[in-house]
Amino acid sequence: MRMRRRLVRALVRPLALAAAVTALSAGSTASVAADRAVIGGFPVDASQSPWTVALSSRDRFGGTRSGQFCGGAAVGRTTVLTAAHCMDRDVLGGPPERVKDLKVITGRTDLLADRDGQEIAVRSAWVNPAYDGVSNIGDFAVLTLARPLPAGSVIGMAADGDPAYAPGGAATVYGWGDISGAGEYPSDLRAARVRVLPDASCEEAYPGGGADGTYDARSMLCAGEMDGGRDACQGDSGGPLVARGRLIGLVSWGIGCGRAGSPGVYMRVSDIMRTLGWR
Ligand code: 4AZ
């Protein structure tokens with residue numbers, strides 16, 4: 001495991017992933033899966049967060065966990081927000097339109113339960129052209145689906161000035177990502193309760209200038225626990241951070257997962273709305 005990394009990777013290691021799944025299904029790490037989560041989380045049913053979708057390509061990531069490699073948040077019946085870095089060439093092996101089986105999965109708690117929920121093809125992917133993989137600024141993309149998601153799958157976005165962004169407030173992050181920071185991918189959806197943190201916490205943790213990203217308070221949101229323990233991790237990228245029932249963030253980056261002094265960094269949804277002219 002790399003101790004320091006600029007996270008910006010979805011699941012770029014399908015083989016490590018397959019090994020982790022084997023370990024989980026063999027039961028050797030089942031207790032870890034049972035009591036941790038995202039990092040420090042708990043299991044949730046897909047019906048409790050119907051706007052949390054999995055991004056999938058079995059061609060690219062293998063079929064065991066339904067091809068899941070990132071998360072996404074449904075903000076319209078045919079519109080899903082995710083992270084731009086999930087659409088990177090080094091994640092997908094080429095531009096998204098070349099990934100013929102790129103889909104979102106809705107209504108499936110357990111990625112091993114291939115028949116649960118629905119798989120909906122991605123018709124087109126718009127990747128923010130201003131995304132900068134060094135600072136991590138602008139890490140979002142908009143997926144347009146070939147068919148609508150089921151009714152009730154959409155979450156409202158918190159506009160600029162919404163109290164849901166206030167530091168100290170409770171928020172929840174959802175995903176199928178690494179539960180330990182060591183490449184242990186669960187098959188079931190999980191969630192972790194975190195807090196919205198002051199921008200200063202992430203400005204201190206991520207001042208920029210090195211190989212790590214740079215925290216930009218205008219377009220990013222800082223969340224987690226200063227003592228660590230609850231956080232998003234690899235494979236959760238693009239997925240939702242929700243407060244007061246509204247979408248406030250998309251999982252983007254951080255150093256490591258759940259480490260004290262290194263909170264999670266999210267794309268700030270109000271700034272995505274501003275950039276897209278959605279208001
Ligand atoms: C990742 O690798 C990643 N702790 C996403 C979020 C966080 C860390 C890593 C936040 O995609």
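## A salt bridge within helix α6

In this predicted model, Arg-274 is partly exposed, with a relative accessible area of 35%. Arg-274 forms a salt bridge with Asp-271, and the closest N and O atoms of the pair are 2.8 Å apart. Asp-271 has a relative accessible area of 10%, so Asp-271 is buried; the cut-off for that word is under 20%.

Both residues belong to helix α6 (residues 269-276), and because they are 3 residues apart in this helix, about one helical turn separates them. Elsewhere, salt bridges that share partners join five residues into one network: Arg-58, Lys-103, Arg-108, Asp-114 and Glu-119.

## Other salt bridges

Side chains of opposite charge can pair when their charged atoms come close. The count of salt bridges in this model comes to 8. One of them is formed by the side chains of Arg-268 and Asp-199, with an N to O distance of 3.3 Å. This pair links distant parts of the chain, since Arg-268 lies in strand β13 (residues 264-268) and Asp-199 lies in helix α5 (residues 199-205), 69 residues apart. Arg-268 is buried, at a relative accessible area of 14%, whereas Asp-199 counts as partly exposed at 25%.

Glu-225 and Arg-230 also meet through their side chains in a salt bridge, at 3.0 Å from N to O. Arg-230 has a relative accessible area of 33%, so Arg-230 is partly exposed.

## The barrel

Strands of a sheet pair through backbone hydrogen bonds, either parallel or antiparallel. Here, 6 strands close into a barrel, and their pairing is antiparallel. The order of the strands is β2-β3-β4-β7-β6-β5. From one strand to the next, the twist averages 40 degrees.

The two ends of that written order, β2 and β5, are paired with each other: strand β2 (residues 52-56) and strand β5 (residues 103-106) run in the antiparallel sense over 3 bridges. Within this pairing, Ala-54 has Ile-105 in β5 as its bridge partner.

## Thr-79 in strand β4

Strand β4 (residues 79-82) contains Thr-79, and β4 is one of the barrel strands. The relative accessible area of Thr-79 is 19%. Buried means under 20%, so Thr-79 is classed as buried.

Leaving aside residues up to four places away in sequence, Thr-79 touches Ala-73, Ala-74, Val-142, Leu-143 and Trp-278.

Definitions and conventions. Residues numbered from 1 in each chain as written. Predicted model: local features only at pLDDT ≥ 70, side-chain atom pairs only at ≥ 80, totals over all residues. Heavy atoms only, no water. Pairing = 2+ DSSP bridges. Helix = DSSP H or I, 4+ residues; strand = E, 2+ residues; numbered from the N terminus. Axes fitted to C-alpha atoms, helices over the stretch in contact; angles between N-to-C directions. Buried < 20%, exposed > 50% of the residue type's maximum accessible area, 1.4 Å probe, protein only. Contact = heavy atoms within 4.5 Å. Salt bridge = Lys/Arg side-chain N within 4 Å of Asp/Glu carboxyl O.
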